[in-house]
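Thanks for coming. I will put the structure up now and then walk through a few parts of it.

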Amino acid sequence: MRAALVTAWTHLQRLAEQRLPALTRLKRAESLPILLHRRRIYVVPSRFGLIYSAMLLVMLIGALNYANNPALLLTCLLGAAAFQSVFAGFRTLDGLQLQSLQVGPGYAGGELRMALRFATLSPKRGLRLRMDGPSAANAANAPLAFDLGVVGESAIEIVLPAPRRGWLAIGRLRIWTAYPYGLFHVWSWLHPDQRVLIYPRIEPNAPPLPHAHGNTQARALRRDDDDFGALREYRSGDPRRRIAWKASARRDHWLVKEFEAPRNPEIVLDWHCLDGLDPEARISRLSAWVERAEGMQLPYRLTLPHTRLGPALGSPHRHACLRELALMPGYAP
Amino acid sequence: MSGNPSPQLTRRQFDFVGAAVFAATLAHAPHLPFVVTLVVDAILALAMWRKHRNLPALAGPVKLALIAIFVLSLLIEYRNPFGREPGSALACAMLALKLLETRARRDALAAICFASFTLMSALLFDTSLVFTLTAFLGAILLLAALREIELPAITLPMQTNSLMATYGPSLRLGAMSLALAAPLALCGFLFIPRMQSPLWRTPDGADGRSGLSDTMSPGSVQRLLLDDSAAFRVGFDGALPPRSQLYWRGPVLTDFDGATWRRHESNLPANALDSFATGDTVDYEITLEASDKPWLFALDLPIQTSADTRRDRDMSLTRRQSTTAPLRYRVRSALRYRLDANLSPQQRETALALPSDFNPRSQRLGTQWRHDLHDDDAIVQAALDLFHASFYYTLSPPPLGRDSVDDFLFDTKRGFCEHYAAAFVVLMRAAGIPARVVTGYQGGYFNRVGNYLLVRQSDAHAWAEVWLAARGWTRVDPTAAVSPARVQLGAQAVASGERAWYRADWLLALRNQADLIDRGWNNLVVQFNTQRQQALLGPLGIERIDATTLIWLLIGTGCVLLAGATLWTMRAARQRALPIDIAYDALCRKLARIVAPRGVNEGPCDYAARVQASGALGAARAIEVRALFERYVSLRYARALASPAEIQSFVRSVQRLRFATRN
């Protein structure tokens, strides 16, 4: 019964958004900054507002019945104060501006921390923020309550679920307030046209890196001239100080010193070496390996069906790798 | 909105709700029995304690048991559960119990909702200005509690030392809300049509308002003499009659059963107006406070009154219903009069009846006087002389036994008006002179500023009337024989040694003056009724407004007020910018005069580069300006939030920037 009602309600909402231009307009994403103003702030009485007005009506009838003017005056005052709270509620949202948003790294299946930076010209109290859409119904998506106590900019952090890898549109946020007395529900939509990249799920307890055994510490190359492994022919571009002058003197071409290669062979994270796994599991494992290699400061190469990256080490490389992994075409499970 | 569980209250939010609930129940304390107030407060204290100890809400059976106990004890206390008073006691108790189970936001909202009703109902018992203002303070607390519930719990300031910093903002907002609501509330107050007849009525007498009753037994007036509330106010058309003439006639008590004096049941309406008046008449208007009794008061002797009052044979005024709301009526009285020149045998018999088995000594004394003195006047004088010789006036007389008049006359010899009046009438009847007790008020305080006479409950008085062949019914005040000051100065002045500290002279004088404000309040607000409402537009030439027009007026003025508020709200928030943007605009305006205005789509970096490239500023200034632009960009668009101090410093730098105008 309840489920049927909820379905009917969502259906009705969808219909309303199709029919009412003001609502449909805000279904579309907008570019930042988003300023809330009177054309996009909506007000309805809250459930408590309706109950309270019923109580005020009872009080009114009581006062009138006993022809008691002071009681009537008190009822009128409370009623007028209640009614006028709608203006305070409107002013709470009016002039609020979403300046920018900043999203921390997120992995599929985990959560995403999003910092919203609001600018306001007057202190705002009792604001609530929640993701709109299908996830709004679940209990984990409890509304975030916050104040913007200072004039100027302040940042609010909201946690979003990150369902799967790839691009995620931020989607629509519902911002509302029942300030000051909880009698009116004043709300608007924030729908920034921003998307965030969600990295693939990191496989927990992934097996060790391929070919990564023994001494895993890359040794710094030493400048010691004697400690080189071999000589090879000069190629244009080799630095002059690498030229082995003594040995070259005995030949008719230049020889250059070739330093010892790292003891461990280069780490190759290869898509094709994981044949036994299904594609999503491969992506997960490769991502886990990328993170591990970064953690161990080992340069690595990533080989994917359509591209290869590296070998390299460091943040830009890591992000490039994870990005490629995140944007792998989807595979049906 | 959807099925989220209602959030739990923080302790601070709970404190606010508790304070609001406490205020609402406290407003009922003056008219509830002390025990009920005590129990309600104990429940509130328990609720507070449990919340502060983080104990869970009470279990259902315990709650039900508490409610049952309370309802039962109310039934035992009041018997009739349908009066206003038991109702208010029950409301207070339910409210307190609600607080005991309040943990979530939803419960708190329900409690506040019900507390509003409870607060309003307290005003049904007391409509004075002071009490109404107190109720408004309660309303501020209610609104403050609602605001606290609405604020996010996490961002509330920690409990600081300063009470005002902690609780101030919510209370201030509540007060401001009420102040801003005043115009709309006033428009509602003026234009909401009043009911011609109530939808329901509480049973008469269920409310225990103090006032003169229509019976008199020893001690019944005593309670009134300690009550300082106003009984009625009188505005005289002419000058104030002399104090000794200010006898406000109320119920006339003729029947005596040995213990209690009662009205004579078969009182016929007065005959067509005889010519009572033998002297000048006085015209005045009385504003009677709600008394829940049907009788009215008038100066001895009313000869003409406004329409819907009935004048009985004994010249007391009554209405068909009790006076449940303040009532205003006009009277013309004759200070010198002649009432009932001839007494019918039936009247005579009633006015002479004495129960034979009560007060034998008094009856013997009366008979003896009749035997010794042949003149009625002489008998009256004998009784007054008796009182004058050896009786004391006191508000705390010793208790009397079965033959109360005998005990009083021959043993205790101490008492106040009701004792003297009763004893005097018994003596007269025993001596064969028709006599009766008249109750009412005597005297009053004349407020010079407001030019009206205030008569308090404590001015209640009882005197006697004897029928003399030559003069008809004649007023005799035996109390005056004992204590002339009672009539000249009032009951308060006489009993000065017996008063509590809060009834001191200077305080009473102050309160007599302050009654002017009460009277204004009563005039303007309390007595605003259907007639006054219909005559609202009288100054505009509209004689009578009907209910439909009133509703249109209500809607019209309400819409105008709300439209004004809406416009103001929408205007006030427009066309303002952040301080940093204002400063940036100022910077661009300054440069526009020297170099060139910034293009509409030109960003700060591009514009700064253009300004520098133009060379209009000179190298050093150009670098300075460039730096300012870079600061703006970093403050405005950098990832980290700019602190208010940094923004302030930028604003000041822009303000300090001066360019020599180009010649």
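To start with one detail: which residue is the bridge partner of A:Gln97 in β4(A)? The partner is A:Ala119. Before going on, some housekeeping. This is a predicted model, in which local features need pLDDT of at least 70 and side-chain atom pairs count only at pLDDT 80 or more, while totals for chains, interfaces and linings use all residues. Residues are numbered from 1 along each chain as its sequence is written, and chains are lettered from A and ligands numbered from 1 in the order in which they are written.

Back to the sheet. Helices (H or I, at least four residues) and strands (E, at least two) are DSSP runs, numbered from the N terminus. Chain A has 7 helices and 16 strands by that rule. Two strands pair if DSSP finds at least two bridges between them. Four of the strands, in the order β1-β3-β4-β7 of chain A, make an open sheet with antiparallel pairing. Its edge strands are β1 (34-35) and β7, each of which pairs on one side only. Strand β3 (residues 97-103) pairs with β4 (residues 111-120) of chain A over 6 bridges. Within that pair, A:Leu101 has A:Leu116 as its bridge partner in β4(A). Between β4(A) and β7 (residues 152-161) there are 10 bridges, and A:Phe118 stands opposite A:Ser154 in β7(A).

Next, helix α3 of chain A, residues 47-65. Its 19 residues, at 1.5 Å a residue, should span 27 Å (1.5 Å times one less than the number of residues), and the end C-alpha atoms are indeed 27 Å apart. Which residues of α3(A) are buried? I call a residue buried if 20 or more other C-beta atoms lie within 10 Å of its own, exposed if 12 or fewer, and partly exposed in between, with C-beta atoms placed from the backbone. The buried ones are A:Phe48, A:Gly49, A:Tyr52, A:Met55, A:Leu56, A:Met59, A:Gly62 and A:Ala63. They cover an arc of only 135° around the axis (taken from the directions from the helix axis to the C-beta atoms), so they are on the same side of α3(A). On the other side, A:Leu50, A:Ala54 and A:Leu57 are exposed. The buried residues pack against β2 (42-45), α4 (69-93) and β10 (184-190) of chain A, and against α5 (105-122) of chain B.

That brings in the second chain. Counting two residues as in contact if their C-beta atoms, placed from the backbone, lie within 7 Å, 55 residues of chain B touch 57 residues of chain A. Among the elements of chain B that each supply at least two residues to that side are α5, α6 (129-150) and α7 (163-191).

Last, the interior. A nonpolar core here is a set of buried Ala, Val, Leu, Ile, Met, Phe, Trp, Tyr and Cys residues joined through C-beta atoms within 7 Å. The largest has 128 residues, and those with the most contacts inside it include A:Leu77 and B:Ala139. Helix α4(A) gives the most to this core, with 16 residues. Leaving aside neighbours within four places in sequence, B:Ala139 is in contact with A:Leu74, A:Leu77, A:Leu78, B:Leu119 and B:Leu178. A second, separate core has 73 residues, including B:Trp369.
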